[in-house]
Amino acid sequence: MRTLTSRKALLIAASMAASLTLAGCTTTSQAAPKKVLVAGATGQTGRLIVSELLAGGYEVRALVRDEAKARQLLGDKVELVKGDIKDPATLPAAFAGTDAVISAVGARGAKGPDRPEAIDYQGVKNLVDAAVANRSQQFVLVSSRSVTQPDNPLNKMFGNVLIWKLKGEDALRASSVPYTIVRPGGLGNGAGGEMDIVFEQGDAVTAQTTITRADVARICVEALRFREARNRTFEVGARPGPPVTDWRAKFAALMPDPLP
Ligand SMILES: NC(=O)c1ccc[n+]([C@@H]2O[C@H](COP(=O)([O-])OP(=O)(O)OC[C@H]3O[C@@H](n4cnc5c(N)ncnc54)[C@H](OP(=O)(O)O)[C@@H]3O)[C@@H](O)[C@H]2O)c1
């Protein structure tokens with residue numbers, strides 16, 4: 001059984017109290033993050049997270065493996081720090097001076113050095129440890145729907161990717177860092193902001209949903225703004241309907257995760 005850190009217990013209690021007493025407002029009672037580290041910034045979702053952060057007025061630092069490729073993909077408004085999530089020694093410099101981190105890293109193959117175990121579990125755990133050392137205000141993790149379903153065919157097809165992603169999530173939930181875990185279903189490359197967004201909890205086996213990477217990026221960045229998004233794990237999908245206008249209400253409707 002994991003040991004509960006008293007810091008996290010206090011944060012969760014404060015989060016619930018804030019939701020009750022300040023409904024209708026942006027209830028982040030500590031300073032909102034200003035400088036955000038993005039891990040996986042060169043990926044398809046990561047690039048959109050960077051754009052969304054810049055559009056929101058955040059300072060952005062990207063943790064990248066190939067600076068030339070990153071500069072070409074991300075433009076010149078982003079600070080680049082070279083690092084590899086498999087190598088913990090490269091992470092403190094990437095985190096130094098940042099307030100929050102968003103991770104959209106993902107394995108690059110079922111086998112080899114960037115397999116799911118190395119990236120979605122150990123790499124994410126290395127990021128979590130670095131965020132703890134940095135006393136980051138928040139860690140937003142892009143994970144996946146179906147991580148609690150070991151029999152899902154994706155595990156056989158892709159190096160137990162869902163099993164390792166759940167272990168990565170567990171490392172974050174057990175840490176002292178306030179977090180938001182976003183679990184999309186199938187990702188698409190269409191536009192964002194054109195559909196209703198559905199938040200669910202419980203990782204139902206029957207749910208089959210898709211969502212665009214642009215909408216996932218928006219959810220990750222909105223999660224930085226609201227205390228109600230903290231210490232929540234939830235699945236996200238899209239359906240026809242008007243786009244979300246009240247993100248605080250979306251996060252506030254979620255249950256906080258049970259204490260680890
Ligand atoms: N595809 C789907 O339908 C789907 C569904 C649900 C959830 N997801 C999850 O959603 C997330 C985002 O997906 P995506 O398709 O946007 O990802 P993606 O395009 O595959 O990008 C993956 C990112 O991870 C980075 N990365 C991999 N290994 C790394 C390492 N050792 N150190 C630093 N960075 C590393 C890559 O950097 P490089 O550019 O250097 O390789 C890249 O920026 C992933 O976690 C994915 O598993 C995907």
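Ile 219 is a good place to enter this predicted model, for, when residues up to four places away in sequence are not counted, Ile 219 touches Val 182, Ile 197, Phe 199, Ile 211, Phe 234, Val 236, Trp 247 and Phe 251. Ile 219 is also among the residues with the most contacts inside the largest nonpolar core, a set of 39 residues in which Ile 49, Leu 53, Ile 102, Phe 199 and Phe 251 share that standing. The element that gives the most to this core is helix 8, which spans residues 213–223 and supplies 6 residues. A second core, separate from this one, has 23 residues, including Ile 85, Val 105, Leu 172 and Ile 181.

From these cores one can step back to the whole protein chain, which has 9 helices and 10 strands. Of its 260 residues, 51% count as buried, and the chain exposes about 11800 Å², of which carbon and sulfur atoms supply 55%. If one takes the contacts between residues at least 6 apart in sequence, 73% of them join residues that are at least 24 apart.

Val 36, in strand 1 (residues 35–39), gives an example of such a pairing across the sequence: Val 36 and Val 101 are 65 residues apart in sequence, yet their C-alpha atoms are 5.4 Å apart in space. Once neighbours within four places are left aside, the residues in contact with Val 36 are Leu 53, Tyr 58, Glu 59, Val 60, Arg 61, Ala 100, Val 101, Ile 102 and Leu 224. Val 36 counts as buried because its relative accessible area is 0%, which is under the 20% cut-off.

The ligand is the next stop, and 25 residues lie around it, among which Thr 42, Thr 45, Lys 69, Val 105 and Lys 165 come nearest. A polar side-chain atom of Thr 45 is 2.6 Å from an oxygen atom of the ligand, while Val 105 places a backbone N or O atom 2.6 Å from a ligand oxygen atom. Asp 84 has a side-chain N or O atom 2.8 Å from a nitrogen atom of the ligand. On its own the ligand has 920 Å² of accessible area, and the protein covers 85% of that area.

Lys 165, one of the residues that come nearest to the ligand, belongs to helix 7 (residues 161–173). Lys 165 is classed as buried because its relative accessible area is 14%, and its side chain is joined to that of Asp 120 by a polar contact of 2.8 Å. Beyond its neighbours within four places in sequence, Lys 165 is in contact with Val 105, Asp 120, Val 142, Ser 143, Ser 144 and Val 147.

Two loop residues remain to be visited, and here the backbone angle phi is the topic. Most residues other than glycine have a negative phi, but Arg 135, although it is not a glycine, has a positive phi of about 55°. Arg 135 is found in the loop between helix 5 (116–134) and strand 5 (138–142). Asp 203, also not a glycine, likewise has a positive phi of about 55°, and Asp 203 lies in the loop between strand 8 (196–200) and strand 9 (210–212). Is each of these loop residues buried or exposed? Arg 135 is exposed, because its relative accessible area is 64%, whereas Asp 203 counts as buried because its relative accessibility is 3%.

Key:
Residues numbered from 1 in each chain as written. Predicted model: local features only at pLDDT ≥ 70, side-chain atom pairs only at ≥ 80, totals over all residues. Heavy atoms only, no water. Helix = DSSP H or I, 4+ residues; strand = E, 2+ residues; numbered from the N terminus. Buried < 20%, exposed > 50% of the residue type's maximum accessible area, 1.4 Å probe, protein only. Contact = heavy atoms within 4.5 Å. Areas by Shrake-Rupley, 256 points an atom, 1.4 Å probe, with all protein chains shown as cover. Polar contact = N/O pair within 3.5 Å; in protein donor to acceptor, adjacent residues only side chain to side chain. Core = buried A, V, L, I, M, F, W, Y, C linked by side-chain atoms within 4.5 Å. Near = heavy atom within 4 Å.
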